[in-house]
Amino acid sequence: MDLVPSSHVAGYKEMDDPEDDEEDEHEYAVSASRFYNNDISEYHIPASKKEDAIDLDPYLPLQSAIANATAVISAVGTVRTTIPFADYVLKPWRIFMSTGKWCKDKKHPYYVNYMVHQKLLEYCEDAQRKRNREWRVWQNSERRKASRHIDDRKGENDPTDKVDRIRIVRITDHCLANPAWDVVNVLTNVFRSLVFRYQEKCEKLLSKSDLVDSIVLRPGDLLDDLRNETTTTMSVNIDGKLPSPVYVGRDDVASLATLLAVSDLNPQIMGKKQAHSLNGTIVTNVSKRNKKFLNKSDKDEDPRHWNIAVGWTGKNGRGYSNAEKCMEYIVKEHSKRKKSERRKQAIRNLSPVYRMIWRPYQQLTQRAKERSLKPYRVFTFLPMFFIVYPTLFSMVTKIGQQIPSVRNAAIYFLSITAPTRKRLIDYIVAQLKDLLQRRNAARKAASLLID
């Protein structure tokens, strides 16, 4: 399957003329009907009937695969070397434009890292909505049966259980935890077509879903070597960042990604005893207190959006022997954090000032933070503005000293591009001011919450 169809790339045009195709098909149909002595209608479909045909979706194989899936592991990536003069140098405004409007290369990270996952999430959400509808229909029918035959329904499955969500496990890169001005991120974005920007855009897209679970796995630099279990352990962090440098083996990443896709994300309840009836079914007795607990847990069962970093560490460091131990730690830590946030939120809700002022403010800042991306574009343009363009200008001036016509052409080019350069500088300054304002606002909000 072609993950990026040509029809979804910028500048796509139909190469074949439909009139020529119609003439060729008619010619072949006449030849076949004469040879087999049959009617021409058996070999030729008129154009009027072809217009009524439905065009097949190029993503139909992906949609059919997701229809009955419970988990999706995505390790899709691309390596596209930047074409310096075509992409950036001669047309620097393309850095700040939407890539889908000008790039005709299907290998661009915009198409592979972002657009493909946009379609993937769309199909997963459609499949989840269908499952939820079917579950509600079954749930209503079971409740009606239970109301008629209460005694006969004891010990059977409780229809209040939740339908399993589709889970997307996306493998990205640990460099996304670093700031946009990090040296590795700047060089990679300059020479690899802003790959980290569209990786982060994909992560933001998955985290906004309110129907499916998404788990982003950020491994360090991948190695083909197997891990020496006597001297090296696996290290994970639920905040998506580990101390640099980070290295990890491909086998360990595959094992952890598989466990994240198929494991239960709820912590195990230790020491819980369950009563069984004579026929072996579990006896459930839902009291009023348990009903309150179930209602509370139902509210907490929102889609999970986790961000996990994985790497190797030494034996003396805080690590785990295998992926199963890492999975247990991840589930426990997320459960602890969830309980801690619930307690803190309950304490904050006691204050009327927090409910009236700071809660709406935090919601607005959180939404803005979820929508905004790191300024990868700005820090991709700055090296060219301060290094590439001055170098080219010095080369042109040296040549122009010997050729007067070239010098005049360079001066004319600079005079024409002066408004564009001014707009770009103003945009960069505005982006930096906005970044500083957001950072100061976040610091003030954090200091007020601490006080």
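**Why those labels? Strands, burial and a helix**

Colleague: In strand 7, Arg-218 has Ala-309 as its bridge partner. What makes strand 3 and strand 7 a pair?

Modeller: Strands pair if DSSP finds at least two bridges between them. Strand 3 and strand 7 have six, in the parallel sense, so they pass that rule. Strands here are DSSP E runs of at least two residues, helices H or I runs of at least four, numbered from the N terminus.

This is a predicted model, with local features needing pLDDT of at least 70 and side-chain atom pairs 80 or more, while totals for chains, interfaces and linings use all residues. Residues are numbered from 1 along each chain as its sequence is written, and side-chain values use heavy atoms, without hydrogens and water.

Colleague: Why is strand 3 called largely enclosed?

Modeller: Buried means under 20% relative accessible area (exposed is over 50%, partly exposed in between; 1.4 Å probe, protein chains only). Seven of the seven residues of strand 3 (213-219) are buried, so the rest of the structure largely encloses it. Both faces are covered, with Ile-215 among the buried residues on one side and Val-216 among those on the other.

Colleague: How do you know that the span of helix 10 is close to the expected one?

Modeller: The expected span is 1.5 Å times one less than the number of residues. Helix 10 (323-348) has 26 residues, with 38 Å expected, and reaches 37 Å from first C-alpha to last. Its buried residues include Ile-330 and His-334.

Colleague: What covers those buried residues of helix 10?

Modeller: The cover includes strand 5, helix 8 and strand 7, where contact means heavy atoms within 4.5 Å.
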